[in-house]
Structure formats: structure tokens, C-alpha cells
Amino acid sequence: MKITRIGGIAALALAGALALSSCAANETPSGDGETTSDLSGTFNGAGASSQGSAQEAWIAAFQTANPDVTINYEPSGSGAGRDTFIAGGSDWAGSDSALSDDELAGDFATCAADTKALDIPTYISPIAVIFNIEGVDELNLDAATLAKIFKGDITNWNDPAIAALNEGTTFPDLAITAVHRSDDSGTTKNFADYLNKVAPEVWDADPADTFPYQSGEGAQSTSGVVDAVTNGTGTIGYADASKAGSLGTAAIKVGDEFVNYTPEAAAAVVADSPLIEGRDANDLAFQLNRTTTDPSHYPLVLVSYSIVCQEYADAAKAEFVKAYIGYITSAEGQQVAAESAGAAPLSDDLSAKVADAIASIK
Amino acid sequence: MTAAPARITAKRRLGDTLFSGAALAAGGFILLVLAGVAIFLIAQSIPAFLIDPAEIKGQPDSFWQYVGPLVFGTVWAAALALLIAVPIALGIALFISHYAPRRLAQGLGYTIDLLAAVPSVVYGLWGAGVLAPSIQPAYVWLVDNLGWIPLFAPPVSGTGRTILTVAIVLAVMILPIITALSREVFLQTPKLHEEAALALGATRWEMIRMAVLPFGRPGVISAIMLGLGRALGETMAVAMVLSPAAVISIVLTGPQNPTTIPANIALNYPEAHGSYVNVLIATGLILFVITFAVNSAARWAIARRKDFSGAN
């Protein structure tokens, strides 16, 4: 009696395990839909978590159009994504920074022998400086002041340096709490890169995924920073602009004007930035022009790349990558990213260059 | 007389063989799992001790300088949590076992058990979203008025996401474990001991001090150690609530707080690559050693007094 009962439970557990594991991540849709392409197979990408939510939307849309294709994107981080791609563990990589010269000098296991990889910008997101000060709705900051606030050199909102930039606004006598990311993040790296390029005399640390100074407060992930800024008093932080919600966002000084973020201004600074020199003509790695003085630019921006092969060892992968990266950089794909993740669509000029680069993939 | 009767040997039944075999397998399995975890941790940690420390986040001089603040933070947060939770837990347990009317005691017991079932991520959300902002004004007051005590040295945190907030959240999380176990132990006190104490003219409080607490001490220690284990290993709640920094500091209300090993792993693992992964696993090994030491100490404390109690 007992044994049969245990047997029944075991059978139930086994059946449950089978049922659960069989409906794992990527269900292949039944084949009889409107097949618009002859692409098929399973393809894997890995890398930047900043692209994560956009990738989910892109994959869903692309798989609907190409029912025989299964795509996996693992948001394991930019560095891990590049390592995986170089080692041949994935078909393309997402990365918040372009390949370094050292990485380009090595071999790429996924690519055909003696060919290199390309950086293709696919995801542009402005970073907003968010703040929460009672009675203050608008805030103007220049890079030096922003750097001093986050470094801990300016500790009170009534500091004359802040007042000088905000004529007509009265700031309370309130301690500043600068909130940064406590986890490693491409957002931190791009924020630090902006401060380091524009105000190097204040922000003397090399830009990295980790917040460099022992100052201010840390919070986990973008939503953690937004929560901390929302719930705190006299707080300031940085986050993907799409997540800023109803918080006040600071305008940053570009040239002689204070510029608030817009998707257009973010895309414009990327389009007008020079490419890193000495690389393949189709390698669209930008040397972001953080020190721009053109007030139609918003230089506090994160650019995330798709890293792909110039020439794939496997022709089927080349065909897929051309179709998929082509889709996500198309006007339609960029619109999907704008809706799902608040990204800034690529400018027309840049789109044309990207399309040429993708066409060159073999 | 006849020869001595033949020795009666127990008849081996199939069920006996099966059961003793299964029990042995289960006992061996747990050792195997533990050994597996230990081997994994040690093997994966070795590179962390060999690499150039400059590759570690924050460029410390050595691995030990990196892990030092984390060890301190882990032990400090858990100790603060115990300091808050233990008196309350023992109070609740005694109330349920010896003071409350039977019906109220039952309801209260269920409620406490229910607290233990709440997932830690929910406690994390509550700590970061509700507790931290609402307790922040109290921290401002503490720093303004008691700032001369090193524990409350200025500056004050602007968001309330401090190690004290974390300790309060952890205390709430370990409260049900300590309470439930202590309550069971207190209920085991022999009625004769209690009645003897009362018959000698002891008040109820004196009876508890003379009969219940000495009898329950090993069980209570074991309950506290289980709670401490959970506090040491808690990950999500700490990662979500704390504003971390690589510092050793006893300040309870400041913006720069020492973080804990599990929270540090949770925060950095997703984007870690290369040898930094080994460094994080090595910190996990250190945590493994700490919890091992704590549990051994607990077993020793219980074994020392086992003659005196039923709780072993």
C-alpha cells in the first residue's frame, strides 16, 4: 500500500518534471504559418544586458516573421558576451563597448579563418540625470559640477557652483545624495566616460563598468537607482532615460546651452562622431564625441554594438546574421526598440552606413 | 539440565534491508553533496589566489584586502540582525508557550510560521521601498543628536539604505525560525520541573528562569545558529536594500556601508568575466568556511550541555 502510494507520487513528480521541462524557453512555432523566408535553425547571441529588453522584442518579432528560426540572447554582460563570441560560443555578441585593438588582433573562432569581426551600432540610449529635490523642477548642470557632485566634492544643493548655473532657482539647504549603480553596468561606464572626457580635471578615474569613487550611495540595477532617487531626499542619480519616469531630469551643458535629452539629440551625437581610425571601412566603432559643443547634441549617451563576423565559417550563420541584424537596424526594428526599451532610433545617415556594413557580411 | 538455548537471530526481512540501505544512502548522499560543493569551490577559487590583484574590482593590493570588508560586512550585518531578533524571538516564544491563552497561542504560532514562508525577494522589496524611506528621518535625528557616538557618525544616508536597515530586514526574516524552534523546545520542558518550581513558591517568571530556560538553552542556541546561518547567507534582500561600498565601518546610518559576501556575488556575477569570476567564487569559499565554523561552534555548544536537556 505504502509502496504503491510512493510509486504514484514518484510517477506524478516524473510526469510533472517532463511536462515542465518540455515547455522550456523557445518553443518552435508550428511550421504551417505564412513562411516569408527560408531561414531556419537555432542561433545564439550573448552580451550586453542593456540591450536585453530590446532583444526580447526583436526576437519575438523576428521569430514571428521567420517561424523556423529560434534565437537565444543571453544578457550575460558585455565583457562575457565578447569573450563568448571570440571563443566561438555564440553567433554574434552584444556589447556596450566596441572591440578593443587587442581583441581585434586575435582570432575569432566563429569567423572564417583569417577574417576579423565588425562592430555595428544597433542600440542607442540616452542616459538621463535624474533628481528629486523638493521645490525644484528644473536643474541645469555642466559636466564639471556633475562630476564634483558624484565624486563627493559638492555636498549641498545650496553650493554656489550649482546656483551659478541655475539663475532664478532657489535651492534648499539640503545634503546631496548621489546614487550610483552598485552592480557593474555599461550605463556607469558611459556616464563616467562622459565626465572623464568633458571634465578630466575633476573626474580623473578611467571609465569602467564599476563606479570608481568611494562616495554617494549605491543601488542595484536601473530600477534600484530610480527607486532610491524617488524615495530619498535631495537625491540625484543616472539611469536609462526611458526609465526616468516622472522624475525631474537635469539639462546638461553643451557648448553655451543647456540641453535636455531627446532621442533625436542622442542619435545626432552618435551620427556626427568620428569612427575609430585604422579599422575596416565597415567597422562602425565610434569614438563618441562627448566634448561636442553643438546644442543639437546630447552627448551623455550609451551606444551598444552588435559584434559580428566579416565572414562566417558557416554560410547559414552569415545569412541569418544579415537578416537579423538587418532587421534590428531597420526603421521597423528601431521603432520596436524605441517602444519596448525607450531607445533612440538610428539616424537616417547612420542607418545607411549600417546597411552597407551588413551587406558586406559574408 | 539441557544445553543453553540456541541464540535467537533476528529474522532479516526484505523491508529491513531496504530501509537500512536507503537510510545509509541518504546519509552518504548529503556528505557527497557537501564534498562536491567544497571541491567545486576550492578548484574554482585557486586561480583567484594566483592572479594579479590589480585585475580585481577596485584594484586592491591583494585578494585578502578585497575580501576583508566583505567578511566584516557579512559578520557585522548578521550580528546586528541577531542582536535585534533574539530577544524579540525569545519573548514571542515564551509568550506562546507559557503566557498566552491556548487559542491565541495557536493563532500566533501559525502567523509566525507564515512569516518564514515569505520569499526573501519580497522582504527586499519591502526593505528598499517601504522601510528605508520611512526610517530615514529617524536616522537624521540619530545623527543630529547622537552623532558623537561612533555608530551614528555623520554624514547621514539620504535614502535610508544603510546596514541598520538591512539588519532590521534580516531580523524580521530570521525571527520566525528562532521563534518556532524555541517555542517547540520550551514546550518540551518536563511538566514535573515546572510544577516543582511552582510548588516551591516560585512566580511564573521565576519558574521560567529556573526550569524552562536552563532546559531549553541548547535548543535555543541551535535555533539562534540556524537563524544566524540564514542571516549570513541572505542574498537578495541585502543586495536590494543596501548601499554598498568597499569599506570597513561600524557606522550604522551612513551612506557607505560594508556589504556582505552573498550580496556582493549577486551584484557582480552577472557582468563578471575572466578571472573575476574566480575571485567571486573564492569569496564564496570564504563564506562557506565562515558558515562551517559557525555551525561547528553551535554543535559544540549544544554537545557541551546535552546531559542536561532533551533537545539533542
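**Exercise 1. Strand partners in a sheet of chain A**

Task: In this predicted model, determine which residue of strand 10 of chain A stands opposite Leu141(A), and establish in which order the three strands of the open sheet are arranged.

Solution.
Step 1. The residue opposite Leu141(A) is Ile252(A), which belongs to strand 10 of chain A.
Step 2. Strand 5 and strand 10 of chain A pair in the parallel sense, over two bridges.
Step 3. Ile252(A) also has a bridge partner in strand 11 of chain A, namely Val259(A). In that strand, Phe258(A) is the bridge partner of Lys253(A).
Step 4. Strand 10 (residues 251–254) and strand 11 of chain A pair over three bridges, in the antiparallel sense.
Step 5. The order of the open sheet in chain A is thus 5-10-11, with mixed pairing. Strand 5 (140–141) and strand 11 (257–259) of chain A each have a single partner strand and stand at the edges, so one side of each has no neighbour in the sheet.

**Exercise 2. The hairpin**

Task: State how many residues lie between strand 10 and strand 11 of chain A, and which residue in the turn has a positive phi.

Solution.
Step 1. The two strands form a hairpin, with two residues between them.
Step 2. The turn residue with a positive phi is Gly255(A), at about 65 degrees.

**Exercise 3. Two domains of chain A**

Task: Describe how chain A is divided into domains and how many residues of each domain are in contact with the other.

Solution.
Step 1. Domain 1 of chain A covers 8–124 + 304–359, while domain 2 covers 126–266.
Step 2. The C-alpha centres of these two domains of chain A are 32 Å apart.
Step 3. The contact involves 10 residues of domain 1 and nine residues of domain 2 of chain A. On the side of domain 1 of chain A that touches domain 2, six residues are nonpolar, three polar and one charged.

**Exercise 4. Two helix crossings in chain B**

Task: Decide whether helix 9 and helix 10 of chain B are roughly parallel or roughly antiparallel, and then examine helix 2 and helix 7 of chain B.

Solution.
Step 1. The axes of helix 9 (residues 261–268) and helix 10 (residues 275–304) of chain B come within 9 Å and cross at roughly 160 degrees. Angles over 145 degrees count as roughly antiparallel, and these two helices of chain B are therefore roughly antiparallel. Their crossing is left-handed.
Step 2. The residues in contact include Ile261(B) and Ile265(B) of helix 9 and Leu280(B) and Leu287(B) of helix 10 of chain B. This contact holds six nonpolar, four polar and no charged residues.
Step 3. The axes of helix 2 (residues 63–99) and helix 7 (residues 204–233) of chain B also come within 9 Å, crossing at roughly 140 degrees. Helix 2 and helix 7 of chain B are therefore oblique to each other, and their crossing is right-handed.
Step 4. Among the residues that meet are Ala78(B) and Leu82(B) in helix 2 and Ile224(B) and Leu228(B) in helix 7 of chain B. By class, this contact has 14 nonpolar, three polar and one charged residues.

**Exercise 5. The contact between the chains**

Task: Identify which element gives the largest share of the side of chain A that touches chain B.

Solution.
Step 1. Chain A contributes 27 residues to the contact and chain B contributes 24 residues.
Step 2. In chain A, the elements giving two or more residues are helix 3 (78–87), strand 6 (177–181), strand 7 (217–219) and helix 8 (221–231).
Step 3. The largest share, four residues, comes from helix 8 of chain A.
Step 4. By class, this side of chain A has five nonpolar, 16 polar and six charged residues.

How values were computed: Residues numbered from 1 in each chain as written. Chains lettered and ligands numbered in written order. Predicted model: local features only at pLDDT ≥ 70, side-chain atom pairs only at ≥ 80, totals over all residues. Contact = placed C-beta atoms within 7 Å. Nonpolar A, V, L, I, M, F, W, Y, C, P; charged D, E, K, R; others polar. Domains from an automatic or database assignment. Pairing = 2+ DSSP bridges. Axes fitted to C-alpha atoms, helices over the stretch in contact; angles between N-to-C directions. Parallel < 35°, antiparallel > 145°, perpendicular 65-115°, else oblique. Left-handed = near helix turned anticlockwise from the far one by under 90°.
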